[in-house]
Amino acid sequence: MNYDQIKEIIISEIERNRGELTALNDDLADHPEISGEEYETSKKIVKLLQGHDYSVEYPFAGLATAFKGVYGNDKHRHKIAILTEYDALPEIGHACGHCLSGSISILAGLATKDLQDELDADIHIIGTPIEETDGAKCTMVKQGVFDGYDMAIMVHLYNSNIVAPTLQGLASYMYQFHGKAAHASAAPWDGVNAFNAAQLMFHAVDMLRQHCKPDAQFHGIIRNGGEAPNIVPEEVTAEFYVRALDKHYLQELVQKVDDCAKGAAIATQTTWDKYPTAEVYDNLKKNPTGISALEEIYGELGIPINGDPNKIFGSSDAGNVSFACPAFHPCLQVVDADTPIHTRGFADAMKRERAHQGLVTGAKIIGLQIAKIFSDEEKISKLKADFERN
């Protein structure tokens with residue numbers, strides 16, 4: 001079969017299964033579970049896959065709410081991972097749209113499962129929870145889960161359409177300053193003020209900003225600032241996020257922030273240490289062949305590319321996958337431009353008709369990307385060459 005014939009089958013299968021996945025999306029939207037606690041969510045998805053004759057490894061990769069769905073004999077020449085997210089945010093539910101994104105991935109998997117022989121490709125559905133905090137994909141990358149894959153793909157929901165969004169690398173650390181408690185009035189000279197150290201670190205990081213590249217970002221908060229005003233703070237913790245567009249520059253910035261902590265400790269006679277609060281997220285590695293194919297698909301589906309690809313989208317553990325195999329994270333608009341992600345308005349939109357139509361469109365994006373690449377030996381070779389070169 002040629003691409004057009006495969007495309008026709010995919011679209012037909014999407015229509016056949018859309019009702020079941022619309023129901024799943026709405027159910028997940030009504031019952032959000034935060035990162036690391038997606039127990040009922042993952043059970044529902046696994047049960048659905050098993051109902052379609054998938055063999056499901058669950059739990060997967062040592063993660064209680066992760067899974068790997070395989071259909072068929074799993075012995076084809078190529079391997080494709082459809083990444084599936086489904087965690088929600090505290091208090092505001094599916095304000096990042098993962099109920100819909102995950103349902104899109106499942107619908108795309110169902111629509112392509114019977115084409116594996118034709119494409120000579122195993123199409124696996126990988127459940128990747130905990131995206132909003134500790135990044136299950138990071139854990140999977142470290143375990144080598146994606147090393148044997150020729151491509152990984154998912155669709156993220158957004159307030160504009162972007163084929164290849166700009167994802168920043170992200171590192172997050174807790175900085176702990178250790179001083180000595182004393183009565184702040186009767187004997188302040190006996191104390192060593194850990195809060196002063198944290199305060200000085202914040203000033204140092206602020207001064208650092210002007211000497212960094214424009215994409216560098218620093219965000220910090222005090223997690224523990226002391227016990228009472230009349231006690232010299234003995235233990236103070238500050239959590240910092242550091243972001244950059246390149247993972248190597250990101251590590252340079254982390255070292256600079258460490259120096260800010262070190263200098264603050266020296267100046268205040270405190271000591272300091274740090275520990276990571278989440279996995280480090282990498283930037284998204286670009287793949288021109290895959291991006292070009294996605295641009296063609298957006299055109300075929302009549303999706304206007306109306307978002308700025310150079311505007312920073314944020315950070316995602318999908319970036320880590322892109323350094324293990326060619327990976328794609330296109331964005332699909334399901335709300336008006338003035339409704340940003342991570343808001344109640346975005347969460348409220350997840351069960352509306354526009355989102356339900358986005359379910360179908362998103363599944364087509366994934367399915368047609370798989371078809372366009374893996375029905376064409378030249379594209380397969382170029383996809384691999386782009387990954388190895390960049």
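Here is a chat about the sheets, helices, pockets and single residues of this predicted model.

User: Let's start with the sheet of 6 strands. Which strands stand at its edges?

Analyst: This open sheet runs in the order β1-β2-β4-β3-β5-β13, with mixed pairing. An edge strand is one that pairs on one side only. Reading the order from its two ends, you land on β1 (55–57) and β13 (327–328).

User: In that sheet, what is the bridge partner of Gly69 in β4?

Analyst: Strand β2 covers residues 67–70, and strand β4 covers residues 121–127. The two run antiparallel and are joined by 3 bridges. For Gly69, the partner in β4 is Ile125.

User: Which helix lies across β2, β3 and β4, and at about what angle does it run to β3?

Analyst: The helix here is α3, made of residues 98–112. Strand β3 spans 78–84, and that's the one the angle refers to. Helix α3 runs to β3 at about 150°.

User: Now the sheet of 4 strands. Why do β9 and β11 each have one side without a neighbour in the sheet?

Analyst: The order is β9-β10-β8-β11, the sheet is open and the pairing is antiparallel. In general, strands of a sheet pair through backbone hydrogen bonds. Here β9 and β11 (271–276) stand at the edges, so each has just a single partner strand.

User: By how much are neighbouring strands of this sheet turned against each other on average?

Analyst: Take the strands of the β9-β10-β8-β11 sheet. Ignoring direction, the average turn between neighbours is 25°.

User: How many bridges join β8 to β11?

Analyst: These two strands run antiparallel. One spot to look at is His178, which stands opposite Thr271 in β11. The count of bridges joining β8 to β11 is 6.

User: Which helix lies across β8, β9, β10 and β11?

Analyst: There are two helices to sort out. Helix α6 (residues 194–209) lies across β8, β9 and β10, running at about 15° to β10. The other, residues 247–268, has β11 on its list too and runs at about 15° to β8. That makes the answer helix α7.

User: On to empty space. Which strand gives the most to the lining of the largest pocket?

Analyst: The largest pocket has a volume of about 680 Å³. Two or more lining residues come from each of β8 (169–178), β9 (217–224), β10 (235–244) and β12 (312–314). The top contributor gives 5 residues, and that's β9.

User: Which residues lie nearest the centre of that largest pocket?

Analyst: The lining of the largest pocket has 29 residues. By class, they are 10 nonpolar, 13 polar and 6 charged. Nearest the centre lie Glu132, Leu170, Tyr241, Arg243 and His342.

User: Which helix gives the largest share of the lining of the second largest pocket?

Analyst: This pocket has a volume of about 190 Å³. Its lining has 13 residues, with Tyr149, Asp150, Pro326, Lys384 and Phe387 nearest the centre. By class, the lining has 7 nonpolar, 2 polar and 4 charged residues. The largest share, 6 residues, comes from helix α12 (residues 377–389).

User: How many nonpolar residues are in the lining of the largest cavity?

Analyst: The count is 1 cavity of 30 Å³ or more, and the largest cavity has a volume of about 50 Å³. It's lined by 13 residues, with Ala164, Leu284, Ile291, Ala327 and Phe328 nearest its centre. The elements giving two or more of the lining residues are α8 (288–300) and β13. Besides 2 polar and 2 charged residues, the lining has a nonpolar count of 9.

User: Where does Glu37 lie, and how does its accessibility class come out?

Analyst: Glu37 lies in the loop between α1 (3–30) and α2 (39–51). Its relative accessibility is 44%. Exposed would need over 50% and buried under 20%, so Glu37 counts as partly exposed.

User: What distance separates the C-alpha atoms of Gln357 and Arg18?

Analyst: Gln357 lies in helix α11 (residues 353–374). At 35% relative accessibility, Gln357 counts as partly exposed. Gln357 and Arg18 are 339 residues apart along the chain, and the separation of their C-alpha atoms is 9.5 Å.

Terms used:
Residues numbered from 1 in each chain as written. Predicted model: local features only at pLDDT ≥ 70, side-chain atom pairs only at ≥ 80, totals over all residues. Heavy atoms only, no water. Pairing = 2+ DSSP bridges. Contact = heavy atoms within 4.5 Å. Axes fitted to C-alpha atoms, helices over the stretch in contact; angles between N-to-C directions. Buried < 20%, exposed > 50% of the residue type's maximum accessible area, 1.4 Å probe, protein only. 1 Å grid on protein atoms, 1.4 Å probe; cavity = no way out; pocket = protein on both sides within 12 Å on 5 of 7 lines; lining within 4 Å. Points joined across faces, edges and corners; volume = space filled by probe spheres on them. Nonpolar A, V, L, I, M, F, W, Y, C, P; charged D, E, K, R; others polar.
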